[in-house]
Amino acid sequence: MFIEQVFEHLKTVHARSKAKHGPWKGTPDKEQFTAVLSEVVEYVEAYSCKDVDGPHGEIAELFDIMNVAMRRILVLTGEPDA
């Protein structure tokens, strides 16, 4: 996967997440923290099981981590459409 493909896929993951869970602006900080931590835990589980390409494998979970981290950054920097 090239870096451009990673960013394009992250945009897709972000759009899907926003459609499913709604915007994070107004979501309590603790809920945002829990979402980030939960994705890290899911990544650790995938890593421990040596699942790389599965639907909940390392790659998928790393995209989820990037997404929730990005969403948190958008909230922290005051992005109105976070």
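The protein chain contains 3 helices and 0 strands. The model is predicted. Along the sequence, the elements follow the pattern α-α-α. These helices are α1 (3-21), α2 (29-48) and α3 (58-76).

The overall dimensions come next. The C-alpha atoms of the protein chain fill a box of roughly 35 × 30 × 20 Å along the principal axes. The radius of gyration is 13 Å. A compact globule of 82 residues would have a value near 12 Å, so the chain agrees with that expectation.

Contacts and surface complete this general view. Among contacts in the protein chain with a separation of 6 or more, 63% join residues 24 or more positions apart. Of the 82 residues, 24% count as buried. The exposed area of the chain is about 5,800 Å². Carbon and sulfur atoms supply 64% of that area.

Empty space was examined next. Rolling a probe the size of a water molecule over the atoms shows where such space is left. The largest pocket has a volume of about 530 Å³. Its lining consists of 20 residues. Of these, Ser 17, His 21, Glu 39, Asp 64 and Asn 67 are the closest to the pocket centre. Helices α1, α2 and α3 each give two or more residues to the lining. The most comes from α3, with 7 residues. By residue class, the lining divides into 7 nonpolar, 6 polar and 7 charged residues.

One residue of helix α3 was followed in detail. Val 68 is found in this helix. Its relative accessible area is 7%. Residues count as buried under 20%, and Val 68 is therefore buried. Leaving aside residues up to four places away in sequence, Val 68 touches Trp 24, Ala 35, Val 36 and Glu 39. Of these partners, Glu 39 is also one of the lining residues closest to the centre of the largest pocket. Ala 35, Val 36 and Glu 39 fall within the range of α2 (29-48). Contacts of Val 68 in α3 thus include residues of α2.

A longer step along the chain leads from Val 68 to Glu 79. These two residues are 11 residues apart in sequence. Their C-alpha atoms are separated by 14 Å.

In outline, the predicted model is a chain of 3 helices. All three of α1, α2 and α3 give residues to the lining of the largest pocket.

Definitions and conventions:
Residues numbered from 1 in each chain as written. Predicted model: local features only at pLDDT ≥ 70, side-chain atom pairs only at ≥ 80, totals over all residues. Heavy atoms only, no water. 1 Å grid on protein atoms, 1.4 Å probe; cavity = no way out; pocket = protein on both sides within 12 Å on 5 of 7 lines; lining within 4 Å. Points joined across faces, edges and corners; volume = space filled by probe spheres on them. Helix = DSSP H or I, 4+ residues; strand = E, 2+ residues; numbered from the N terminus. Nonpolar A, V, L, I, M, F, W, Y, C, P; charged D, E, K, R; others polar. Rg over C-alpha atoms; globule rule 2.2 N^0.38 Å. Buried < 20%, exposed > 50% of the residue type's maximum accessible area, 1.4 Å probe, protein only. Contact = heavy atoms within 4.5 Å. Areas by Shrake-Rupley, 256 points an atom, 1.4 Å probe, with all protein chains shown as cover.
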